[in-house]
Structures are given as C-alpha cells and as structure tokens.
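Welcome to this short briefing on a protein structure. Take a moment to look over the sequence and the 3D view, and then follow the points below.

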Amino acid sequence: MAQRDDPHRLVPEQSAAVRKPEITAEMRTNARANPGSWLYVIDEAFDPKGNVPTWAVVGAYPVDGRGEIVDDFHFNDQYRPSPQALGFPDPSSELEYLLQLIYTRHRPEEDLAPAVLGADLYVYAYTPAQRTLVGFHDLDGDVVVSAYTAKALAPRDWPHARKVKGRDIIDLLGGCPLALNPDDAITAVVTPDELEYARTHLL
C-alpha cells in the first residue's frame, strides 16, 4: 500500500507494456486518403473525432506518397496510457475508476479526497451493527483504516464488510489515514487532513 510519508502515491502491483499498435484495415483506408502524411493513433479511451489532448496520442505511423503505411511507428513520449489501454479490470464504482485515472495521470491526485467523501466504502466490522472503525498495522507498523470501494474487494476472512459513506468516516478516524483498496492492484492512502480540507473547502 502507499506509504504514509507520501499519502498520494499509488502503488500498482501489475503493469502492461505499451505495444506498437496493430495496423488495421480502417487505418489503411485512412492512409490511402491522405498520402504523404502521418497517421496518428489515439488511445482507445478517447474519441478520435473529439477533443484529444496531446498525451492521449499513442504515436504515429508515416504514410508514404502512395498512401501506404510505413511500418515504422513513432511513439509519443508524452503518451499516458489509459486504464483501458493498460488492460485494467472494469471498475465496480466511480471511485475505483478514479483511482485508475489518477494512477494513469488522466486525473489529478487532488480529485481523490473529495470523491472519497461522496463514495460508498466498505470497512471492517465485527457485527453488522458496529459503528466504530477498526485499524490495522501496515508494513511500517503504523495504524491505518482499510476501506474498499466495493464489497467484493474486501477480504473474505472479515466477519463483516460494513457500508459507510466516506463523509461519515472522517470523525471516526482518530488521526489514522484511510487506506483505499490496500490489497488491490491500485491503492492509495488519504489522510484525515486531506479529507477534512475537502469537506470544509471543496464541498
């Protein structure tokens, strides 16, 4: 999970290499209509006909004077692969998708705390009626409160995974940070100060 001295750091447990895009029949048709140009390949999460930021361009193939694609792909060094391009699993909630977008640098880290406040989270509970939070020691020996963005992500050995709104957690943390999806491929730690700032200034 993320370390407490860097609460925004997202830690992936898996990665996918960006590969040279396959040349499709549609791409060849577009190339024939635009000889002597470049054929730009857009990340699959974006509509090529819409407003595409420069960092969503995977790269480009050169097109010769006959309208044929030259198999010499030029990668865009500013490209930020989307969660879809990296093969991340389909998110089960908006907050889980935001974690993916922040990890891939498609959204700023500052968006996380406000989103946590409005999200449904699942926390450890001894009984369904429990209203207090339970903390766990992380690898550094510090106490964190684990919270999951979907009930299915919570450990199976938990007695119960109680659903609670993020905004209702702040006053129960007792100064401990909130660890989001600590056992998942992408996780983040949000501090009580960040949550309180979002509650008082951003909502």
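## Salt bridges and their partners

Let us start with one residue: Asp171 is exposed, because its relative accessibility is 62% and the cut-off for exposed is over 50%. Please keep in mind throughout that this is a predicted model. Asp171 is also part of a salt bridge, and its partner is Arg199, with 3.2 Å between the closest N and O atoms.

**The Asp171 network**

- Asp171 sits in the loop between β7 (160-165) and β8 (178-180), while Arg199 belongs to helix α4 (residues 192-202), so their salt bridge ties together parts that are 28 residues apart in sequence.
- Arg199 has a relative accessible area of 28%, so Arg199 counts as partly exposed.
- Asp171, Glu196 and Arg199 are joined into one network by salt bridges that share partners.

**Other salt bridges**

- How many salt bridges does a search of the whole structure find? The search finds six.
- One of them links the side chains of Lys20 and Asp71, at 3.0 Å from N to O.
- Lys20 lies in the segment before α1, and Asp71 lies in the loop between β2 (57-62) and β3 (74-75), so this pair ties together parts that are 51 residues apart in sequence.
- Lys20 is partly exposed at 43% relative accessibility, whereas Asp71 is exposed, with a relative accessible area of 54%.
- Another salt bridge brings together the side chains of Asp111 and Arg107, at 2.8 Å from N to O.
- Both of these partners are partly exposed: Asp111 has 25% relative accessibility, and Arg107 has 37%.

**The overall layout**

- The protein has four helices and nine strands.
- Reading from the N terminus, the order of the elements is α-β-β-β-α-α-β-β-β-β-β-β-α.
- Is the protein spread out or compact, judged by its radius of gyration? The radius of gyration is 22 Å, well over the 17 Å that the globule rule gives for 203 residues, so the protein is more spread out than a compact globule.
- The C-alpha trace spans about 70 × 35 × 30 Å along the principal axes of the protein.
- Of the 203 residues in the protein, 42% are buried.

**A three-stranded sheet**

- An open sheet is built from three strands in the order β1-β2-β3, and their pairing is antiparallel.
- Which strands are at the edges of this sheet? The edge strands are β1 and β3, as each of these pairs on one side only.
- β2 and β3 run antiparallel and are joined by two bridges.
- Ala60 stands opposite His74, a residue of β3.

**The largest pocket**

- The largest pocket holds about 460 Å³ of space.
- Its lining is made up of 15 residues, and those closest to the centre of the pocket are Met27, Tyr40, Val41, Ile42 and Pro48.
- Two elements, α1 (25-32) and β1 (38-42), each supply at least two residues of this lining.
- Which element gives the most to the lining of the largest pocket? That element is β1, with four residues.
- Sorted by class, the pocket lining has nine nonpolar, two polar and four charged residues.

**The cavity**

- Here is the general idea behind looking for empty space: a probe the size of a water molecule is rolled over the atoms to show where such space is left.
- The structure has one cavity of 30 Å³ or more.
- About 100 Å³ of space lies in the largest cavity.
- Ten residues line the largest cavity, and the ones closest to its centre are Glu96, Gln100, Asp184, Ala185 and Ile186.
- The classes in this cavity lining are five nonpolar, three polar and two charged residues.

**A buried residue in a strand**

- Val123 is found in strand β4 (residues 120-125).
- Is Val123 buried or exposed? Val123 is buried, because its relative accessible area is 1% and the cut-off for buried is under 20%.
- Val123 and Thr149 are 26 residues apart along the chain, and their C-alpha atoms are separated by 9.4 Å.

Note on methods: Residues are numbered from 1 along each chain as its sequence is written. This is a predicted model: local features need pLDDT of at least 70, side-chain atom pairs count only at pLDDT 80 or more; totals for chains, interfaces and linings use all residues. Side-chain values use heavy atoms; hydrogens and water are left out. On a 1 Å grid over the protein atoms alone, a cavity is a set of points where a 1.4 Å probe fits but cannot get out, and a pocket is an open set with protein on both sides within 12 Å along at least five of seven lines; lining residues have an atom within 4 Å of a point. Grid points are joined across faces, edges and corners, and a volume is the space filled by probe spheres set on the points. Ala, Val, Leu, Ile, Met, Phe, Trp, Tyr, Cys and Pro count as nonpolar, Asp, Glu, Lys and Arg as charged, and the others, Gly among them, as polar. A salt bridge is a side-chain nitrogen of Lys or Arg within 4 Å of a carboxyl oxygen of Asp or Glu. Buried means under 20% relative accessible area, exposed over 50%, partly exposed in between (1.4 Å probe, protein chains only). Two strands pair if DSSP finds at least two bridges between them. The radius of gyration is taken over C-alpha atoms; the globule rule is 2.2 Å times the number of residues to the power 0.38.
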